[in-house]
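Biologist: I would like a close look at a single part of this model, with the criteria spelled out as you go.

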Amino acid sequence: MTKNPRGGYVLPLMAILLLSGCHYAWTESNIDATEKKGDLVIAALESYYSTHNEYPRTLKKLVPKYLSEIPSPAIGGLDWKYETYWKGQSFILKVEGSNQRGRVLSYNSRHKGWPYDDGSF
């Protein structure tokens, strides 16, 4: 550890980066956790749809009425990618890997389910 000039100790920057990167790895448990968080978002999207007869243009429209906050995915870049199509009648919710061989976990409202593409050929 490195001594902080104001007192106390600080972890070297490299250790902090390594520790934070491990939590968001594409492990089976993190993928499962992301699907569960995504299911909460999807339920809120479906509730919004039943009220407005279209999906919202952004996930922010779900807060605070349908969700108190948008839960972050446990993998990838830690942000959901969300888009609507067919004039708000369908949506895609996905997480993409950041420099992780093109990994993608996505949900399409027309097909239902969470197909996972690990980026392999």
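At 21% relative accessibility, does Y85 count as buried, exposed or partly exposed?

Modeller: Y85 counts as partly exposed, since its relative accessibility is 21%, and the cut-offs are under 20% for buried, over 50% for exposed and anything in between for partly exposed, with a 1.4 Å probe and protein chains only. This is a predicted model, in which local features need pLDDT of at least 70 and side-chain atom pairs count only at pLDDT 80 or more, while totals for chains, interfaces and linings use all residues. Residues are numbered from 1 along each chain as its sequence is written, and side-chain values use heavy atoms, with hydrogens and water left out.

To place Y85, one has to look at the aromatic rings around the chain. Rings of Phe, Tyr and Trp (its six-membered ring) pair if their centres lie within 6.5 Å, with planes under 30 degrees apart counted as stacked, over 60 as edge-to-face and the rest as tilted; this rule gives 8 aromatic pairs. One of them joins W80 to W114, a tilted pair with 6.2 Å from centre to centre and 40° between the planes. That pair links distant parts of the chain, 34 residues apart, because W80 sits in the loop between helix 2 and strand 3 (81-85), whereas W114 sits in the loop between strand 5 (104-108) and strand 6 (116-117). Helices here are DSSP runs of H or I with at least four residues, and strands are runs of E with at least two, numbered from the N terminus. W80 counts as buried at 12% relative accessibility, and W114 also counts as buried, at 14%. The rings of Y85 and W86 form an edge-to-face pair, because their planes stand at 75° with the centres 5.9 Å apart. W86 is exposed, with a relative accessible area of 52%. W80 and W114 also belong to one aromatic cluster, together with Y49, Y55, Y82, F91 and Y107.

As for the wider setting, the protein chain has 2 helices and 6 strands, arranged from the N terminus as β-β-α-α-β-β-β-β. Helix 2 (residues 28-52) has 25 residues and spans 35 Å from first to last C-alpha, close to the 36 Å expected at 1.5 Å a residue, where the expectation is 1.5 Å times one less than the number of residues. Its buried residues include I31, V41, L45 and Y48, and just after helix 2, N53 takes a positive phi of about 60°. Of the 121 residues of the protein chain, 30% count as buried.
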